[in-house]
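The following note collects points on the structure shown below. They are set out in numbered form for ease of reference.

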Amino acid sequence: MQIRKLREERGYTLERLAERSDLSFRGLIYIEHGRRNPSVLTILDISTALGVAPGDLLDHIAPQQPDDNPVD
């Protein structure tokens, strides 16, 4: 997740992002540190609070390659 990087670029504290996204401070800490996987709705809340597209939070994840041997 790119949440911390984007949060810091905007000068937001965890408290400020929690307030803007209507999420708990502790929940954001867990997400930023990879201890909790956010739901799709949580990703939407965070991306809205940061003013970015939801995919921008996940941009470091490599897209999956299609199977070379598809099962039909």
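1. A salt bridge joins the side chains of Glu-8 and Arg-4, with an N to O distance of 3.0 Å. The model is a predicted one, and this distance is accordingly a computed value. Both residues belong to helix H1, which covers residues 3–9, and their spacing of 4 residues amounts to about one turn of the helix. Glu-8 has a relative accessibility of 45% and therefore counts as partly exposed; Arg-4, at 45%, is likewise partly exposed.

2. Helix H1 also holds the pair Lys-5 and Glu-9, separated by about one helical turn because they are 4 residues apart. Their side chains form a salt bridge at 3.3 Å, N to O. Lys-5 is partly exposed, with a relative accessible area of 45%, whereas Glu-9 is exposed at 51%. The cut-off for the exposed class is over 50%, so the value of 51% places Glu-9 in that class.

3. Glu-9 has a further partner in Arg-10, where the closest N and O atoms are 3.7 Å apart. Salt bridges thus link Lys-5, Glu-9 and Arg-10 in a network. Arg-10 has a relative accessible area of 32% and is partly exposed. For the structure, the count of salt bridges comes to 5.

4. Regarding aromatic residues, the structure contains 0 aromatic pairs. The ring of Tyr-12 does, however, have the charged end of Arg-16 over it, at 6.0 Å from the ring centre.

5. On the surface, Val-40, Leu-41 and Leu-44 make up a nonpolar patch of about 300 Å². Val-40 lies in helix H4, which spans residues 40–50. With a relative accessibility of 61%, Val-40 counts as exposed.

6. As to the overall fold, the protein chain has 4 helices and 0 strands, and the order of elements from the N terminus is α-α-α-α. Which share of contacts in the protein chain between residues at least 6 apart in sequence joins residues at least 24 apart? The share is 49%.

7. The protein chain comprises 72 residues, of which 31% count as buried. Its exposed area is about 5300 Å², and carbon and sulfur atoms supply 48% of that area.

Technical notes. Residues numbered from 1 in each chain as written. Predicted model: local features only at pLDDT ≥ 70, side-chain atom pairs only at ≥ 80, totals over all residues. Heavy atoms only, no water. Phe/Tyr/Trp six-rings, centres within 6.5 Å; stacked < 30°, edge-to-face > 60°. Lys NZ or Arg CZ within 6 Å of the ring centre and 35° of its normal. Patch = residues over 30% accessible without salt bridge, like charges linked within 9 Å, V, L, I, M, F, W, Y side chains within 5 Å. Areas by Shrake-Rupley, 256 points an atom, 1.4 Å probe, with all protein chains shown as cover. Salt bridge = Lys/Arg side-chain N within 4 Å of Asp/Glu carboxyl O. Helix = DSSP H or I, 4+ residues; strand = E, 2+ residues; numbered from the N terminus. Buried < 20%, exposed > 50% of the residue type's maximum accessible area, 1.4 Å probe, protein only. Contact = heavy atoms within 4.5 Å.
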